[in-house]
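Student: I should like a close look at one part of this model, namely a loop residue and the nonpolar surroundings in which it sits. Please set that part in the context of the whole chain.

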Amino acid sequence: MRAATVNALVVAESVIIPIDSSSFALLGMNQLLKTIAAISETHNPALRILVLTTMLESIIHRYVGVAEATAMKKGVVESSTTSSATFDFMKLFNELKREMSHEEKRQGTVESIHR
């Protein structure tokens, strides 16, 4: 894992892992979760891990660029900022951002009711 990724996980409130449900992807997920758990235990115990199954959530189309970015050990957005895959992931990001904002507002409402 690159230093920038580790640093991001150290300061992040949550990490969202998009994954398809293939067995190959799930094997890689196991290693990723171990790495994130190690970072979380030593530097960021409050880190929330959210997993999105891309075949069931917002549509992330299959693109050659995704496999190419994976082979280069880069994120899709890092690999090409103008690809269709980047567009799909950014669309998903914006949807998740809105959902998390709504969730925070709901949590705030629940907390104020219980005070």
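Tutor: The account below goes from the chain as a whole to the loop residue and then to the cores.

The model is a predicted one. Its chain holds 5 helices and 2 strands, arranged along the sequence in the pattern α-β-α-β-α-α-α. The C-alpha trace extends over about 50 × 30 × 25 Å along its principal axes. Of the 115 residues in the chain, 20% are buried. The exposed surface of the chain comes to about 8,500 Å², and carbon and sulfur atoms supply 60% of that area. As for charge, the chain carries 12 positive and 12 negative side chains, with the centres of the two sets 3 Å apart. Among contacts with a separation of 6 or more, 62% join residues 24 or more positions apart.

The loop residue is Asn 44, placed between helix H2 (23-43) and strand E2 (48-53). Asn 44 counts as buried because its relative accessibility is 8%, and the cut-off for that class is under 20%. The side chain of Asn 44 reaches the backbone oxygen of Val 10 at 3.0 Å. Val 10 is also one of the residues in contact with Asn 44 when neighbours within four places in sequence are left aside; the others are Leu 9, Val 11, Ala 12 and Ile 39.

Two of these partners, Leu 9 and Ile 39, lead on to the nonpolar interior, for they belong to the largest nonpolar core. That core has 9 residues in all, and its other members are Val 15, Ile 17, Ile 19, Ala 25, Met 29, Ile 36 and Leu 47. Strand E1 (14-19) and H2 are the elements that give two or more residues to this core. The most comes from H2, which gives 4 residues.

Within the core, Val 15 can be followed outward through its own contacts. With neighbours within four places in sequence left aside, Val 15 touches Leu 9, Ile 36 and Leu 47, and also Arg 48, Ile 49 and Leu 50. Leu 9 is thus a shared partner, being in contact with Asn 44 and with Val 15.

Apart from this assembly there is a second, separate core of 8 residues, including Ile 60, Ala 69, Val 76 and Leu 92.

Definitions and conventions: Residues are numbered from 1 along each chain as its sequence is written. This is a predicted model: local features need pLDDT of at least 70, side-chain atom pairs count only at pLDDT 80 or more; totals for chains, interfaces and linings use all residues. Side-chain values use heavy atoms; hydrogens and water are left out. Buried means under 20% relative accessible area, exposed over 50%, partly exposed in between (1.4 Å probe, protein chains only). Contact means heavy atoms within 4.5 Å. Accessible areas come from the Shrake-Rupley method with a 1.4 Å probe; for residues, only the protein chains shown count as cover. Lys and Arg count as positive and Asp and Glu as negative; His and the chain ends are not counted. The place of a charge is taken as NZ of Lys, CZ of Arg, CG of Asp or CD of Glu. A polar contact is a pair of N or O atoms within 3.5 Å; within protein, one must be able to donate a hydrogen and the other to accept it, and residues adjacent in sequence count only if both atoms are side-chain atoms. A nonpolar core is a set of buried Ala, Val, Leu, Ile, Met, Phe, Trp, Tyr and Cys residues joined through side-chain atoms within 4.5 Å.
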